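Dear colleague,

I am handing over the structure we discussed, and below it you will find my notes on what turned up when I went through it. Please read them alongside the coordinates.

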Amino acid sequence: METAAGTDRALTGKVLAAYSKIENPRLKSIVSTLIEHLHACVKEMKVTDVEWEFAWDFMERMAAMTGPQRNEFLLFADVIGVSQLIETLNHEKPGQPVGFALVGPFFRADAPVRERGDSIASDDTAGARVRISGKVFDFDNKAPIKGAFLDTWQAATNGFYENQDENQPDYNLRGRFRTDENGTFEFVALMPTAYPVPTDGPVGELLRAAKRPPDRPAHIHFIVSAPGYETLVTQVFVKGDPIIEDDAVFTASRNMVGDFRKEGDNFLLAYDFPLKPGVSIMPKAPVPS
Ligand code: DHB
Ligand code: FE
């Protein structure tokens, strides 16, 4: 007589066989591995009908909050550490002085290309300023990289990125800068401040259930790219910020900390970006331009 365990093993085998004719080998391997792990998960937990109803309703509610300005699925991947795991697996090498961070949901392509020394903050943007300067160089031979692009973006002191806030000018707190012949750059930004990830959707419900604070440590985002080099996606956090150890999206780490120096009411930061030789690819921007 067939046991229940035998029946569900047979079912998993039958499902895998049904997807065995996918031609693209990578797609085939992704689909079959997903099926195997999802079946194993369902069996291990003995998922009930009611729990499955909760799961698809949760996904429906994530979909309802998702659109061009907001992707609840991406936020979900971030708060369960999947996004950072992918960054680490693909890019992190021992001894790397500057770590790879997740892109996050607020990167917007085609930010204005600004002049050296310019501010990414409009004059009426509240908050202390920081003058950030540094160098982009080759990780292997330490040679400066001329004409590298620094794409940078950050939230206002109210916690909102420009696309979430109708009171900010278009592309406020976003900009692109190019390095000069010595590989150096310089610009003015807001001194970063801490703020929570959006908690008004299903992800907020999960964070509350886990009693996890939604806060991200204060940070400014960078994507540093140049032809012939692996694109560096990173964030710079503020040295001494206690939230670094408890980042809601598990990105902040010791190799992404900047020493912001106070200078009067404002700040100075010197920060360099080493690039590893490789393929230059820009990540997809979650926010449309
Ligand atoms: C997330 C990332 C950010 O950089 C941010 O500012 C807010 C949220 C995220 O990964 O969800
Ligand atoms: Fe951010």
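A residue is called buried here when its relative accessible area is under 20%, calculated on the protein chains only. Please keep in mind throughout that this is a predicted model.

By that cut-off both Tyr 161 and Tyr 195 are buried, and these two residues belong to the site of the iron ion (ligand 2), whose protein donors are Tyr 161 (OH), Tyr 195 (OH), His 219 (NE2) and His 221 (NE2), at 1.9 to 2.6 Å from the ion. Along the chain the donors follow the spacing Y-x33-Y-x23-H-x1-H. The tyrosine pair links distant parts of the chain, with Tyr 161 in the loop between β2 (149-153) and β3 (174-178) and Tyr 195 in strand β5 (residues 195-196), 34 residues apart. The geometry of the site is irregular, with angles of 50 to 157° among the 6 donor atoms.

Turning to the nonpolar interior, the largest core has 33 residues, and those with the most contacts inside it are Ile 132, Val 136, Leu 150, Phe 187, Phe 222 and Phe 273. Several strands give two or more residues to this core, including β1 (129-138), β7 (219-225) and β8 (232-238), while the largest share, 4 residues, comes from β4. Another core, of 10 residues, lies apart from it and has Val 103, Phe 106, Ala 155 and Val 233 among its members.

As for charged pairs, the count comes to 14 salt bridges. In one of them Glu 205 pairs with Arg 61, with the closest N and O atoms 2.9 Å apart; because Glu 205 lies in helix α6 (residues 202-209) and Arg 61 in helix α3 (residues 49-64), the pair ties together parts that are 144 residues apart in sequence. Glu 205 counts as partly exposed at 30% relative accessibility, and Arg 61 likewise counts as partly exposed at 27%.

The salt bridge between Arg 108 and Glu 162 has its closest N and O atoms 2.4 Å apart, and it links the loop between α5 (82-91) and β1, where Arg 108 sits, with the loop between β2 and β3, which holds Glu 162, 54 residues apart. Both Arg 108 and Glu 162 are buried, and together with Asp 170 and Arg 174 they are linked in a network of salt bridges.

With best regards

Technical notes:
Residues numbered from 1 in each chain as written. Chains lettered and ligands numbered in written order. Predicted model: local features only at pLDDT ≥ 70, side-chain atom pairs only at ≥ 80, totals over all residues. Heavy atoms only, no water. Donors = N, O, S within 2.8 Å, 3.2 Å for Na, K, Ca; no water. Tetrahedral: all angles 85-135°; square planar, octahedral: opposite > 155°, others 65-115°. Buried < 20%, exposed > 50% of the residue type's maximum accessible area, 1.4 Å probe, protein only. Core = buried A, V, L, I, M, F, W, Y, C linked by side-chain atoms within 4.5 Å. Salt bridge = Lys/Arg side-chain N within 4 Å of Asp/Glu carboxyl O.
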